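Q: I'd like to learn how to read a protein–protein interface and a DNA-binding surface from coordinates alone. Can we walk through one example together?

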2 protein chains.
Amino acid sequence: MNKKTYHHGDLRNSLVDTAITLLDRDGIAGLSLRAVAKAAGVSHSAPYRHFRDKTALLEAVAQKGYKNLHDSNLHAVAEHPDDPVQQLYHAGRSYLFLVVNQPEVAKLMFSGVLRPEDWGQALQQTAQASIGALMGIIENGKNASIFADKPIEDLTLTALSTVHGLSMALAAGHFSDKVTSEADIEQLGMRVYETLLSGLLKR
Amino acid sequence: MNKKTYHHGDLRNSLVDTAITLLDRDGIAGLSLRAVAKAAGVSHSAPYRHFRDKTALLEAVAQKGYKNLHDSNLHAVAEHPDDPVQQLYHAGRSYLFLVVNQPEVAKLMFSGVLRPEDWGQALQQTAQASIGALMGIIENGKNASIFADKPIEDLTLTALSTVHGLSMALAAGHFSDKVTSEADIEQLGMRVYETLLSGLLKR
DNA sequence: ACCTGAACACCGTTCAAGT
DNA sequence: ACCTGAACACCGTTCAAGT
């Protein structure tokens, strides 16, 4: 909480939080480990007591993001019991806003700057859990005969790709001309979700 | 072609090509301008005669990627006249394989490491053109009464998000457990495309 | 156990100087 | 007009030394 904590006790967490702040201000390209250390009030070599290298710190940031995402997914399910369509919408909505609110963290999580095959076990598990939650939602929908009669994998992959693609495109700033406010994003999300549900082809 | 060309004449293009090679070998994080210069056979300050800074070189790489993408889109349309469903499939397929074959270039194009609001005019135009081609395909489909009776923007955005999301997730290595061969990717693309066309909900 | 400061090899960028 | 090489301020990482 206060400066005393930084110098003994919780430097690890402090470094992660500082990294997130600097990341969302300067972007992934502008983030240096030395700057994080300085902002956290320690020497440039102090972080090496807590993280193997710069990548390990970035992985810790990504993991925090995945944990938030997973919590949101669980929340979406709990808030709308027995309504897979609403569950999926709110899970997607959380995803969208997480990505839009912390685009640099999102890039770290999804853009492969950190290569998934090199991820530590903790990160891999947390990431897998959030995908698992989405799959659970769709499974519910299939069991309730709401979703199409296709392999769960196909439905999940398509839903995931759409949400992911829309979010990343927004986070990367590709629609910054069309979208500015949070209300815009909400609207965009709803329209895309509806199109995803009913399909591109005439019904 | 040969070393003589490097030292006078076409250093600019040579640097772009060298950058692409090193990029796909070392990743965006491992690429240094000095290494590109060295690999191209010039001093580390020579690139500055042709590019304002490192970002400008990376933009040139991204632009080449967008041009390839746009060419693929045009090709997809030309090869399947009067068949928007096939046009869209092949456009998506090209997108998918471009991203999978040159994942690092793709990240440069789409992941927002270069922020679109800072892009030079040439890059912005080339990028816009490839989206325009996709929109044209869907417009064709609407006119032919094949696609759903929704705003073109909704259909385009949904299709684009799905293709983009699937491609980026693959490029980032998020499905490297499920997918290995090119045939796998082709299959995956077909299944997702079919789900996108018909929607998640029962018909 | 945790942190510091010097050191090393690297980087992006600039600029006087060479051809 | 195009390229070089020294120079500067920065970076990630290591390691002996301090508390």
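A: Sure. Start by counting who touches whom: here 51 residues of chain A are in contact with 51 residues of chain B. Keep in mind that this is a predicted model.

Q: How much area is buried between chain A and chain B, and what share do carbon and sulfur atoms give?

A: Buried area is what two parts lose on being put together, summed over both. In this case the area between chain A and chain B comes to about 4700 Å², and carbon and sulfur atoms give 57% of it. On the chain A side, Leu157(A), Leu200(A) and Leu201(A) supply 15% of the area that chain A buries against chain B, more than any other three residues.

Q: Okay, and the charged part? How many salt bridges does the rule find across the interface of chain A and chain B?

A: Look for a Lys or Arg side-chain nitrogen within 4 Å of an Asp or Glu carboxyl oxygen. The rule finds 10 of these salt bridges across the interface of chain A and chain B. One of the pairs to click on is Arg191(A) with Glu153(B), where the closest N and O atoms are 3.2 Å apart. If you go for polar contacts instead, there are 26 residue pairs across the interface, with both residues at pLDDT 80 or more.

Q: Which helices of chain A each supply at least two residues of the side that touches chain B?

A: Map the contact residues back onto the secondary structure. That gives helix 5 (84-101), helix 6 (103-110), helix 8 (152-171) and helix 9 (182-198) of chain A. Helix 8 of chain A gives the most, with 13 residues. By residue type, the side of chain A that touches chain B divides into 25 nonpolar, 14 polar and 12 charged.

Q: Now the DNA. Which residues are closest to DNA strand C?

A: List what surrounds the strand, then look at the atoms. DNA strand C has 18 residues around it, and the closest are Ser43(A), Ser45(A), Leu33(B), Arg34(B) and Tyr48(B). These 18 come out as 6 nonpolar, 8 polar and 4 charged.

Q: What do the atoms of DNA strand C within 4 Å of the protein belong to?

A: Split them by part of the nucleotide: 47% belong to sugar or phosphate, and the rest to bases. For a base, check Arg34(B), with a side-chain N or O atom 2.6 Å from a base nitrogen of strand C. For phosphate oxygens, Tyr48(B) has a polar side-chain atom at 2.8 Å, while Lys54(B) uses a backbone N or O atom at 3.0 Å. The elements giving two or more residues to this surface are helix 1 (3-7) of chain A and helix 3 (33-40) of chain B.

Technical notes
Residues are numbered from 1 along each chain as its sequence is written. Chains are lettered from A and ligands numbered from 1 in the order in which they are written. This is a predicted model: local features need pLDDT of at least 70, side-chain atom pairs count only at pLDDT 80 or more; totals for chains, interfaces and linings use all residues. Side-chain values use heavy atoms; hydrogens and water are left out. A residue is near a molecule or strand if one of its heavy atoms lies within 4 Å of it. A polar contact is a pair of N or O atoms within 3.5 Å; within protein, one must be able to donate a hydrogen and the other to accept it, and residues adjacent in sequence count only if both atoms are side-chain atoms. Helices (H or I, at least four residues) and strands (E, at least two) are DSSP runs, numbered from the N terminus. Ala, Val, Leu, Ile, Met, Phe, Trp, Tyr, Cys and Pro count as nonpolar, Asp, Glu, Lys and Arg as charged, and the others, Gly among them, as polar. Contact means heavy atoms within 4.5 Å. Buried area is the accessible area (1.4 Å probe) that two parts lose on being put together, summed over both.
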